Amino acid sequence: MLIRRGFTLIELMIVVAVLAILAAVAIPSYNEYITTSRRSDGQIALMDLSTRLERYFNEKNTYVGATIPSLYPATSPKKFYNLQISNTTATSYRIQAVPQGVQAHDDTKCATLTFSSLGEKGSTGTMDSLNCW
């Protein structure tokens, strides 16, 4: 009596198909998770810069003259965002975290993160600004 051991070609093809389906679902979810976690780098940098701007205002009684290099580095801690101060007046400011490198390519939903002296959070991407924060 002949005993055969092993898998048939059909069984192997079914396993490969199941693995392909799992990969097709898992890889985009993982990429979205990575993009979202990198976004927190920009959010943290904006909050820290905002705190430093408020300290500057308490010392000088104006936001005018506050610059990125003197208050905070030009990039976020993990280098995924460039920081900018825009629309500065004596009593208000607007700061931005502009994605750079791989984050600029991957994060089209939120794109540039913004924060104002009034505490308004926003973004320039296609997703609702509140979901970006």
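**Exercise 1. Is Thr 75 buried or exposed, and what surrounds it?** Does Thr 75 count as buried or exposed?

*Solution.* The model is a predicted one.

Step 1. Find the residue. Thr 75 sits in the loop between α2 (68-71) and β1 (81-86).

Step 2. Apply the cut-off. Buried means under 20% relative accessible area. Thr 75 has a relative accessibility of 18%, so Thr 75 counts as buried.

Step 3. Check its side chain. The side chain of Thr 75 makes a polar contact with the side chain of Lys 79, at 3.5 Å.

Step 4. List its contacts. Not counting residues up to four places away in sequence, Thr 75 touches Tyr 81, Asn 82, Leu 83 and Gln 100.

**Exercise 2. Work out the aromatic pairs around Tyr 63.** Which rings are linked with Tyr 63 into a cluster?

*Solution.*

Step 1. Start from the total. A search of the whole structure finds three aromatic pairs.

Step 2. Classify Phe 57 and Tyr 63. Their ring centres are 4.6 Å apart and their planes stand at 25 degrees, so this pair is stacked.

Step 3. Classify Tyr 63 and Tyr 93. This aromatic pair is edge-to-face, with 4.9 Å from centre to centre and 70 degrees between the planes.

Step 4. Place the second pair in the chain. Tyr 63 is in the loop between α1 (9-60) and α2, and Tyr 93 is in the loop between β1 and β2 (94-99), so the pair ties together parts that are 30 residues apart in sequence.

Step 5. Check burial. Tyr 63 counts as buried at 4% relative accessibility. Tyr 93 is buried too, with a relative accessible area of 3%.

Step 6. Join the pairs. Ring pairs link Phe 57, Tyr 63 and Tyr 93 into a cluster.

**Exercise 3. Reconstruct the sheet.** In what order do the four strands of the open sheet run?

*Solution.*

Step 1. Give the order. The order is β1-β2-β3-β4, with antiparallel pairing. The edge strands are β1 and β4 (121-123), each pairing on one side only. From one strand to the next, the twist averages 20 degrees.

Step 2. Go through the pairings.

- β1 and β2 pair antiparallel over six bridges. Gln 84 has Gln 96 in β2 as its bridge partner.
- β2 and β3 pair antiparallel over four bridges. Ala 97 has Leu 113 in β3 as its bridge partner.
- β3 (residues 113-116) and β4 pair antiparallel over three bridges. Phe 115 has Lys 121 in β4 as its bridge partner.

Step 3. Add the helix. α1 lies across β1, β2 and β3 and runs at about 35 degrees to β1.

**Exercise 4. Describe the largest nonpolar core.** Which element supplies the largest share of this core?

*Solution.*

Step 1. Pick out the hubs. The largest nonpolar core has 20 residues, and those touching the most other members are Leu 46, Leu 49, Leu 53, Leu 71, Leu 83, Ile 95 and Leu 113.

Step 2. Trace the sources. α1, α2, β1, β2 and β3 each supply at least two residues of this core. The largest share, five residues, comes from α1.

Step 3. Take one hub. Leaving aside neighbours within four places in sequence, Leu 83 has contacts including Ala 45, Leu 46, Leu 49 and Ile 68. Among its other contacts are Tyr 72, Pro 73, Gln 96 and Ala 97.

Step 4. Return to the start. Thr 75 is also in contact with Leu 83.

Key: Residues are numbered from 1 along each chain as its sequence is written. This is a predicted model: local features need pLDDT of at least 70, side-chain atom pairs count only at pLDDT 80 or more; totals for chains, interfaces and linings use all residues. Side-chain values use heavy atoms; hydrogens and water are left out. Buried means under 20% relative accessible area, exposed over 50%, partly exposed in between (1.4 Å probe, protein chains only). A polar contact is a pair of N or O atoms within 3.5 Å; within protein, one must be able to donate a hydrogen and the other to accept it, and residues adjacent in sequence count only if both atoms are side-chain atoms. Contact means heavy atoms within 4.5 Å. Rings of Phe, Tyr and Trp (its six-membered ring) pair if their centres lie within 6.5 Å; planes under 30 degrees apart count as stacked, over 60 as edge-to-face and the rest as tilted. Two strands pair if DSSP finds at least two bridges between them. Axes are lines fitted to C-alpha atoms, for helices over the stretch in contact, and angles run from 0 to 180 degrees between N-to-C directions. A nonpolar core is a set of buried Ala, Val, Leu, Ile, Met, Phe, Trp, Tyr and Cys residues joined through side-chain atoms within 4.5 Å.
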